[in-house]
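Here is a short report for a reader who is meeting this structure for the first time. Please keep the sequence and the 3D view at hand while reading.

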Amino acid sequence: MTDITTKLPEMKSGDKLIAALAVMPQYDENICGQNHAVRLMALSDLYQIYVPSQMSLEIYSKLYLALLRSIQKKSTKLAIKQRYENYKAIQQNSYGGILGGSDSFTIIGTSGIGKSTAISRAISLITENQIIEMGELSTRIIPCLIVQCPFDSSVKGLLLEILRKVDETLDSRYYPYALKARATTDMLIGSVSQVALNHIGMLIVDEIQNVVNSRNGKQLVGMLTQLINNSGISICMVGTPESIVFFEQAMQLARRSLGLQYEAMEFDKDFIVICKVLWGYLYTKSGVTLTDGIIEWLYEHSGGNISILVALIHDAQEISILEGRDVLDMTALEQAYQKRMAMLHD
């Protein structure tokens, strides 16, 4: 078996990483002279802009190193023994995890701060959207597989979803075979562990906060722990701050949830840079200069939440174009806040 770690792109850092993570849609100043329909459609480009922050850099490094550890395990003698143990599990015999490890971590952050986009951008750089071909065995490995935690925290539902996603990517038949065999949850854990060991580099489980208010929550996290022990892959759990209390309940959960935590942005140079970038995408016929006072107003009314900041600037331009004022200024921002964001006023 070849050293598949060489198949990963080189790890980036510094200015090269920031430039690679950034997404800046092309902007033509002549758009301001077009009719309002063209400008309103082009205005949606604001939602595609991505300006990397310190959070983006940390998430990239965390995911890259976790994937590296995971695929290094696949070429060890322990991995061969683990495949045999997983086969026994599928046959409903007793088994245990040989590979083991504590390669699970969380990325916890308030909704709207851009953590999902940061993860998506990091994965696109780490994997370059390619399937890794592994040595003479021609085993194909999905570097990062993303699934959503079921709203009812169903253990069987998540296991089947993992198989379905693998089939979708590799054009395999694991999901229909599992349905046809009417596999029990224990059999499914063995089957998914085998598939993960052979074909998955890292598993990312989004919306992990669904475990908080579900009676199946602890069973689902326990299943993920078993999956780590039986497959050796890294598992990243992504969710909102409400999941922190859940993981703090017991040590076996807490040690599985060590990772990165983020809140809304501070009023610092990163926030100011994002404001300047967004303000540069002008689709009204005119606009005022971005002053320190406007930046402070934007921070106070967005609370440092990037999704709200983007929505404020987008809606201000949209309302101004529709009403015929066609200028991006404080009046347009106030209108957007009063008309479109009444639920956030508290």
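The sections below cover a strand, a helix, a glutamine and some salt bridges.

## Strand β4 and its partners

This is a predicted model. Start with strand β4, residues 200-206. Of its 7 residues, 7 are buried.

Strand β3 (residues 139-148) runs parallel to β4, and 6 bridges join the two. Here V147 stands opposite V205 of β4. Strand β5, residues 234-239, also pairs with β4 in the parallel sense, over 4 bridges. In that pairing, M202 stands opposite S234 of β5. Between β4 and β5 comes a helix: together with helix α9 (residues 217-231), the two strands make a right-handed β-α-β unit.

## Helix α5

Helix α5 covers residues 115-127, 13 residues in total. At 1.5 Å a residue, the helix should span 18 Å. Its end C-alpha atoms are 18 Å apart, so the expected span and the model agree.

Many residues of α5 are named as buried, among them A118, I119, A122, I123 and I126. The list also includes K115 and R121. What covers them? The cover includes the helices α1 (14-21) and α3 (54-73). It also includes strands β1 (104-109), β3, β4 and β5. Just after α5, E128 takes a positive phi of about 50°.

## A buried glutamine in α14

Is Q317 buried or exposed? Q317 is buried, with a relative accessible area of 0%. This residue lies in helix α14. The side chain of Q317 reaches the backbone oxygen of Y281 at 3.1 Å.

Leave aside the neighbours within four places in sequence. Q317 is then in contact with a run of residues, Y281, L282, Y283 and T284, and also with L43, L46 and L328.

## Salt bridges around α14 and α15

How many salt bridges does the structure hold? The structure holds 7. One of them joins R340 and D315, with 3.5 Å from N to O. R340 lies in helix α15 (residues 330-340) and D315 in helix α14 (residues 306-322), so this pair ties together parts that are 25 residues apart in sequence. The partners differ in exposure: R340 is partly exposed at 39% relative accessible area, whereas D315 is buried at 10%.

K339 forms a salt bridge with E323, and their closest N and O atoms are 2.6 Å apart. K339 lies in helix α15, while E323 sits in the loop between α14 and β8 (327-328), so the pair ties together parts 16 residues apart in sequence. E323 is partly exposed, with a relative accessible area of 42%.

## A network that includes α6 residues

Salt bridges that share partners join E161, R164 and E168 into one network. Within it, R164 bridges to E161, the closest N and O atoms being 2.9 Å apart. Both residues belong to helix α6, residues 155-170.

Why can these two meet along one helix? R164 and E161 are 3 residues apart, which means that about one helical turn separates them. An α-helix has 3.6 residues a turn, so residues three or four places apart point the same way. Both partners are partly exposed: R164 has a relative accessible area of 30%, and E161 has 22%.

How values were computed. Residues are numbered from 1 along each chain as its sequence is written. This is a predicted model: local features need pLDDT of at least 70, side-chain atom pairs count only at pLDDT 80 or more; totals for chains, interfaces and linings use all residues. Side-chain values use heavy atoms; hydrogens and water are left out. A salt bridge is a side-chain nitrogen of Lys or Arg within 4 Å of a carboxyl oxygen of Asp or Glu. Buried means under 20% relative accessible area, exposed over 50%, partly exposed in between (1.4 Å probe, protein chains only). A polar contact is a pair of N or O atoms within 3.5 Å; within protein, one must be able to donate a hydrogen and the other to accept it, and residues adjacent in sequence count only if both atoms are side-chain atoms. Contact means heavy atoms within 4.5 Å. Two strands pair if DSSP finds at least two bridges between them. A crossover is right-handed if, with the strands pointing away from the viewer, the path from the first strand over the helix to the second runs clockwise. The expected span of a helix is 1.5 Å times one less than its number of residues.
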